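Q: Please take a close look at one part of this model and walk me through it slowly. I would like to see how neighbouring elements are arranged and which residues bring them together.

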Amino acid sequence: MAGECVPEGPDLSEMGEEELWELINDNRHRISLGVRPCILIPYLRQARVLTEMDEDEILSCHNLTNRSMRTSYMLDLLRTQGRNGAVALLESLMIHYPTLYTQVTGRKPSTEPSRFSGLIKYSELTEYLVRAVTGMQKELQEARCEAGRMSSRCTSLESEIRQMMGQEEKSRILQNENERMRRHLCSLQHEVTKLKDEKCDLYMRYTAAMEEKSAVNMRLHDLNLQVYQLQTELQKAQTENEFQKRRSLRCAPYADTPQLQEEVRSLRCQLVKAEKLDPARQDILAQDLAEAIGSQVELAEQLRCYREENEKLLSEKQGLLDQKECLSLQVEQLTLDINMHQQKNTVIQNQMRELQTERDQAYLSRDEAQAMIARVLAEKDTLRCQLVELQQRVFSLHVKRSPKEQRQSCDESEMNWETSSCEESLLPARRRLRRMDAVNPTSLSSCHSECEDAAVSSVRSRNAEPPSPESLRRREEALYADSSLETAETDSLLDDFVFLPNVGSEDKQTPRLSSPNGSSTEHGLSRTSAPPFLMRSRPKAIRVNGRVLGISFQGEALLSQLAVIGGNKTGVFVHKVTEGSAAHTVGISPGAQIVEVKYEQNQKALRMVLEDSTLEEAMWALGQITGLCHLSLRPRQDEYETLLQHLQSCETSSGDSFYVRVNMSLPAGPNGTLAVSCNDILHVTNTRPAGTEDSWHASQVHPCQLLDLQSGTVPNYYRAQRLLIRAIEDMSFQAKKSQKVWRVVPQNKEKAVRIVSTGRQGRNPLWVSVEDEKTKSTDSGDTSAAKSCVSLMPYTLVTPHYPPICRPVLLLPSVLGRILDNKLAGWQGFQLCEPEVLSSSEHAAKLQRSEILEECEQGRNCCYTLQSVEKVMKKGIHCVLPLGLDCVRRLHRAEIFPIIIFIGQTARSARKVRSKLQRHGQSEEQLLACSRSEEPLLDKLPCLYHSVAPDSWCDQASLLTSLRTIIWEEQKKIVWVEPDLW
């Protein structure tokens, strides 16, 4: 119904090229946002307005980062096809995007064949429409299934949400009830507080009454005392009065009697008055006492009432406390319910996140499939280029044939050529296949200047806006110039590719770069003839090779463009990329592991493998790049994030981790420099510590366990090499000085240096592998001076080994070892290795397999073999080897690591075993000569050994006892083995 309301727009068949493209450009933004190029490209390919190369560039170009840019780029390519491109675009929109077609043209979409322009044949159009309808039906069915699944999922989620909302409502009601109970509890607590205050007031009043009662009792006591005193005085006065009366009656004269009688009467009156006053006072005091007793009874009654009220309040308080406990239990239950609901919500959210993760993984797998398709298309392009070159070679061979043969071949294939020429005359001349946005090594210097004004004069626009007239004009000039570049492309092919003369030796030999002027005379091939196989000397764009990406760009001051972290244990990763730099422009991002680096230096193609290099090596290698470079990157985002977490948590300081054997003694110095001795084992954990450029961060290793002990900094390889050379010069100077003054150096002095060179390798085995791609396939007779140079090694790489069974024992020097072997084999836990007698065929076979350790002097084909040593070791005892130093490397190849003990010799120590030597037909001079000849060979062994000082033993018994202790200690230690450099 909506289609009937759309007004009919102008007829597209009557519109010209400019009108059609003006109509498309007016709606360019809408088309760029609403169209997916992968849907329209199949129709455009059948309409022959887009080629397979164009499809590859649209879908897999690295610079087109989103769908709008790809659609805009597709419109630019269609613009170059003129009216056919516009008509094909509108027809594809009419099929796949009918709504957008109506918005752009104003016409109703229709699938009638008469509405199509005829760019595709009727049968092909019908087949395409059937495929499109079938695909849309499948997509519709999948969309409906997905919608059904999502609707069921949404229904289940909605039911869960409703349940959760009901539970949330219940929890809200319980929370409100809890709040109400809390408020009621607070009000009851306020009432209890008021009752407590009233109780305190009553106690205060009771205390005051008790104090008043005590005061009344004190007053009553005082009155009783006063009454008692008055009675006592009265009795005393009566007694005195009686006494005076009697005396006066006896002694006083008659004249004084009336006077005395008057006094007696006055006294009697006073006494009567006093007797009359005492009862009144007694009544007053009795009344006061009765009042005090009454008030005391009232106070006791009030106290009893207050006690009863207190008991009632205590019972109410106990009830409130019980209520409080019940409420607290309810609150805990509600809290548990809320936590359970929260956990359910968390589980649902985790399920949603898992669904999102699965969706992201599906997107990643889709991107990987697209990348694989891009790689296959790139390989197909390469094969097409080779096919074109082979066709040119065939044509050149046809030209060189004789005229008679040409005439015969022309007569035989006249009809075929006529038909093909007719078809070629009808079709326009097709351009040669070539990659559009590849990096041109000869134009890298002008790359940045062209990028600045790319918005104005770009050949391939990647913006959603319509291109400018200047851009269209430059594009048309570039298209018309393709016909004049046919001969120039042959020259450029020789510059971009190198010759592989032998396909079978592709892995062993690397191609040689052609000369800058494009001549190939050094290969013996002419310019017109194509080589049998071509290989690019440097990639011109990103090539996806499995999980490794190859990127070529201008690497001037590469360390200023990007920063790296990691090491030999984790790999070297890109950590930071400077915005605006060439590395940022080509799309290098943090998290990519640098596997390999290729660059040119002094007109030589060099290749450096950084897959297992240290951080110091990687930074040195990247710092050597001064021009065009090619980086091989492997995306490892998970390992990169794990390394960042370890660095941030200070678990590790870098990605380096390897073990070295120190070949010189280094004293302790400032800033945490570690003091090490010769033959110490160090665990290097950082080759570029912060703040230093010529030091490593290392730790000493426990001899029996793989544990780090004291840590600090040590000189790096090249600074340690200079210190080693200086130490050797000082030792030679001191030796010359000691010879002049006839001074003997003590034999038990600690070893200062160990002379080890790189030997046949000709380079530092700790350093990065640098290969010259021009010279590595040359003959072995043409050796350079660098490979014949022997350099001293201050450190050598070692690997730990843990022998599970008893290790063999080798005693040196061999003259003294032959004497002590039989004595040591007599002890429990030791057995002497016995020789085996072999036939000629067995001897030859074991000799070919390197299983013969040493020939015996007793007879022919009697020798010590690996099987005899292993037979003793299987018994769980030590095998005593009556052999020399030559057997050590053969044992190491069989993963057998003997305990090597060297007993130092002097003239004094040789005299201690003089009798034993004479018994075996040896002399002291032979023992000293053997010791002097075998001691220098110990430094060339790829493992550690133990030295016994000549003054540490006094006789044979003490020497055997110390040897047994040394063997027991060495058995517990880790065996450190270095690569055999000799």
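**A sheet and its surroundings**

A: Within strand β13, Thr-713 is the bridge partner of His-697. This pairing belongs to a predicted model, and it is a good place to begin, since it leads from one pair of residues to a whole sheet. Strand β12, which covers residues 695–701, is joined to β13 by 6 bridges, and the two strands run antiparallel. In general, the strands of a sheet pair through backbone hydrogen bonds, and they may do so in a parallel or an antiparallel way.

Stepping back from this pair, one finds an open sheet of 6 strands, whose order is β13-β12-β11-β10-β15-β24 and whose pairing is antiparallel. Its edge strands are β13, residues 708–715, and β24, residues 975–977, each of which pairs on one side only. From one strand to the next, the twist averages 45°.

Helices can be read with similar care. Helix α21 consists of the 12 residues 814–825, and at 1.5 Å a residue it should span 16 Å, which agrees with the 16 Å that separate its end C-alpha atoms. This helix is mostly covered, with 9 of its 12 residues buried; among them are Val-815, Leu-816, Ile-819, Leu-820 and Leu-824, and also Asp-821.

Two packed helices are described by the angle between their axes and by the distance between those axes. For helix α4 (residues 52–60) and helix α5 (residues 67–79), the axes come within 9 Å and cross at roughly 155°. Angles over 145 degrees count as roughly antiparallel, and α4 and α5 are therefore roughly antiparallel to each other. Their crossing is right-handed, and the residues that meet there are Asp-54, Glu-57, Ile-58 and Leu-59 from α4, with Arg-70, Tyr-73, Met-74 and Leu-77 from α5.

A second pair makes a useful companion to this one. Helix α6 (residues 83–96) and helix α7 (residues 98–105) pack at an angle of about 135°, with their axes 6 Å apart, and they are therefore oblique to each other. On the α6 side, the residues that meet α7 include Leu-90, Leu-93 and His-96, while Pro-98, Leu-100 and Tyr-101 are among those on the α7 side.

His-96, which is found in α6, deserves a last look. Its relative accessibility is 18%, and because buried means under 20%, His-96 counts as buried. Apart from its neighbours within four places in sequence, His-96 is in contact with Ile-39, Leu-40, Tyr-128 and Ala-132.

Methods. Residues are numbered from 1 along each chain as its sequence is written. This is a predicted model: local features need pLDDT of at least 70, side-chain atom pairs count only at pLDDT 80 or more; totals for chains, interfaces and linings use all residues. Side-chain values use heavy atoms; hydrogens and water are left out. Helices (H or I, at least four residues) and strands (E, at least two) are DSSP runs, numbered from the N terminus. The expected span of a helix is 1.5 Å times one less than its number of residues. Buried means under 20% relative accessible area, exposed over 50%, partly exposed in between (1.4 Å probe, protein chains only). Two strands pair if DSSP finds at least two bridges between them. Axes are lines fitted to C-alpha atoms, for helices over the stretch in contact, and angles run from 0 to 180 degrees between N-to-C directions. Angles under 35 degrees count as roughly parallel, over 145 as roughly antiparallel, 65 to 115 as roughly perpendicular and the rest as oblique. A crossing is left-handed if the near helix is turned anticlockwise from the far one by less than a right angle, and right-handed if clockwise. Contact means heavy atoms within 4.5 Å.
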